[in-house]
Amino acid sequence: MSRQVDAISGNTTQYATAMIGGQLFGLPISRVQDVFMPERLTRVPLAPDDVAGVLNLRGRIVTAIDMRARLGLPKNDSGKPPMAMGVDLRGESYGLLIDTIGEVLTLPDEGREVNPVNLDPRMASFANGVHRLDGQLMVVLDVDKVLEIANARMAA
């Protein structure tokens, strides 16, 4: 019962976690609509490098964002296909291409810290704080910042 009260009062946040380039990221689960394997990605001519293309997801046109490119990380050469987390911004659907999906974590809001000064500037520009977990840093992604086209072009 107390766990429900904590969640209602805003003392905890649930995060869908993902690995991108060996770094753990968390997105507030309230912003994640889908988790899926992208199929039949269609390239968009003259699109920025971080726009991997578009795809059809259950009748919706979804813009696929290559999170490795958006974060300035090298291409994934493991041979494993990417996963995607579906998010929406102002009525538009996006799929954030990630390396692997993790688990859902419920973390206390007071445990979230501001971005450390030594956090990579590209990650920091998309981050809304960090959580320190058992020897690992989870960067909390701000979906709105990730999807801002102007911000993405400045980071490229």
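This tour visits the strands of one sheet in a predicted model.

Before starting, note that residues are numbered from 1 along each chain as its sequence is written. In this predicted model local features need pLDDT of at least 70, side-chain atom pairs count only at pLDDT 80 or more, and totals for chains, interfaces and linings use all residues, while side-chain values use heavy atoms, with hydrogens and water left out.

Begin with the whole sheet, which is open and has 5 strands in the order S3-S6-S7-S5-S4, with mixed pairing. Strands here are DSSP runs of E with at least two residues, numbered from the N terminus, and two of them pair if DSSP finds at least two bridges between them.

Select 32-36 (S3) and 51-57 (S4) next: these strands stand at the edges, and because each has a single partner strand, one side of each lacks a neighbour in the sheet. Neighbouring strands of the sheet are turned by 30° against each other on average, direction ignored; the axes are lines fitted to C-alpha atoms, and angles run from 0 to 180 degrees between N-to-C directions.

Now add residues 60-66, strand S5, which pairs with S4 in the antiparallel sense over 6 bridges. Asn-56 has Ile-61 of S5 as its bridge partner, and Leu-55 has Val-62. Then select Arg-58: the hairpin of S4 and S5 has 2 residues between the strands, and Arg-58 takes a positive phi near 50° there.

Finally, select residues 92-98, strand S7, which runs parallel to S5 and is joined to S5 by 4 bridges. Here Ile-65 stands opposite Leu-96 in S7.
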